[in-house]
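Grab your viewer and try these exercises. Each one comes with a worked solution underneath.

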Amino acid sequence: MPLLKIDMHVHTVGSPDAHTRTEDLSGIIKTKGLDGVAVTEHDNFNALKFPDVLIIPGIEVSSRDGHVIGLGVRENIPASLSADETIQLIHEQGGIAIIPHPYDPVCECVKIAQLKSRPDAVETMNADALSFHISNWLARRDADKFRLPQVGGSDSHIPQTIGDAYTIIDSASRDLTDVLDAIRAGKMHPEGHATSVQNKIRKLHYKFV
Ligand SMILES: [Zn+2]
Ligand SMILES: [Zn+2]
């Protein structure tokens with residue numbers, strides 16, 4: 001049973017505020033020592049495929065209560081619904097619903113305690129969080145309280161930060177179906193570190209070129 005190292009939260013040029021070119025993705029994944037990434041564009045479902053690395057198809061939906069990630073979905077999920085409706089639509093497509101960065105101070109975040117629908121996991125290590133230690137600690141506290149599995153992802157918007165945080169998944173194989181089943185079963189844990197200040201500045205600079 002392979003232990004896979006997957007960055008579960010990556011943006012590419014399919015998101016208006018991100019800069020990683022999709023044609024560079026497979027090379028970056030290998031250079032960073034990852035087995036794959038989940039591509040989670042803002043409100044834009046994208047099913048990329050590469051022969052040599054694993055790509056989990058996903059989307060980061062802007063619900064009116066904050067961002068919700070859907071993995072393993074098959075088509076776009078509309079923005080601006082409630083977080084509960086968004087989770088239900090992800091589940092109707094057979095997907096996995098994850099609450100990313102529930103305590104990032106600069107975004108409107110989904111409050112897990114107020115949800116009626118149960119998400120499948122919480123992102124408790126978001127490398128890009130403004131207050132990395134406090135935000136992720138609060139997210140872990142919610143995950144423990146509500147007994148939800150935990151994932152990690154870089155929330156990368158530039159190539160340099162892919163893999164800063166990631167998830168170790170205990171999957172039966174490298175096949176997408178097995179990987180999604182392992183995530184659904186909670187056979188995973190987050191690892192990684194905060195994105196460096198240098199790369200945070202680099203991301204801001206990218207926005208203006
Ligand atoms: Zn987000
Ligand atoms: Zn994101």
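The exercises go from the whole chain down to a single helix.

A quick note before you start: this is a predicted model, where local features need pLDDT of at least 70, side-chain atom pairs count only at pLDDT 80 or more, and totals for chains, interfaces and linings use all residues. Residues are numbered from 1 along each chain as its sequence is written, with chains lettered from A and ligands numbered from 1 in the order in which they are written.

**Exercise 1.** Work out how many helices and strands the protein chain has, and in what pattern they follow along the sequence.

*Solution.* Start with the DSSP runs: helices are H or I over at least four residues, strands are E over at least two, and both are numbered from the N terminus. That gives 5 helices and 9 strands. Now read along the sequence, and you get β-α-β-β-β-α-β-β-α-β-β-α-β-α.

**Exercise 2.** Check the radius of gyration of the protein chain against that of a compact globule.

*Solution.* Take the radius over C-alpha atoms, and use the globule rule of 2.2 Å times the number of residues to the power 0.38. For 209 residues the rule gives a value near 17 Å; the chain has 15 Å, so the two agree. Along the principal axes, the C-alpha atoms fill a box of roughly 40 × 35 × 30 Å.

**Exercise 3.** Put the strands of the sheet in order and find its edges.

*Solution.* First, count two strands as paired if DSSP finds at least two bridges between them. The 9 strands then form an open sheet, β7-β6-β5-β4-β3-β2-β1-β8-β9, with mixed pairing. β7 (150-153) and β9 (188-192) pair on one side only, which makes them the edge strands. Next, zoom in on β3 (residues 54-63) and β4 (residues 66-71): they're antiparallel, over 6 bridges. In one of these, Ile59 has Gly70 of β4 as its bridge partner.

**Exercise 4.** Which residues of helix α2 (residues 83-92) are buried, and what covers them?

*Solution.* Call a residue buried if 20 or more other C-beta atoms lie within 10 Å of its own, exposed if 12 or fewer, and partly exposed in between, with C-beta atoms placed from the backbone. Ala83, Thr86, Ile87, Leu89 and Ile90 are buried. They sit on the same side of α2 because they cover an arc of only 160 degrees around the axis, taken from the directions from the helix axis to the C-beta atoms. Now look for contacts (C-beta atoms, placed from the backbone, within 7 Å): the cover includes β3, β4 and β5 (96-99). Finally, step past the helix to Gly94, where phi is positive, near 80 degrees.

Technical notes: Two residues are in contact if their C-beta atoms, placed from the backbone, lie within 7 Å.
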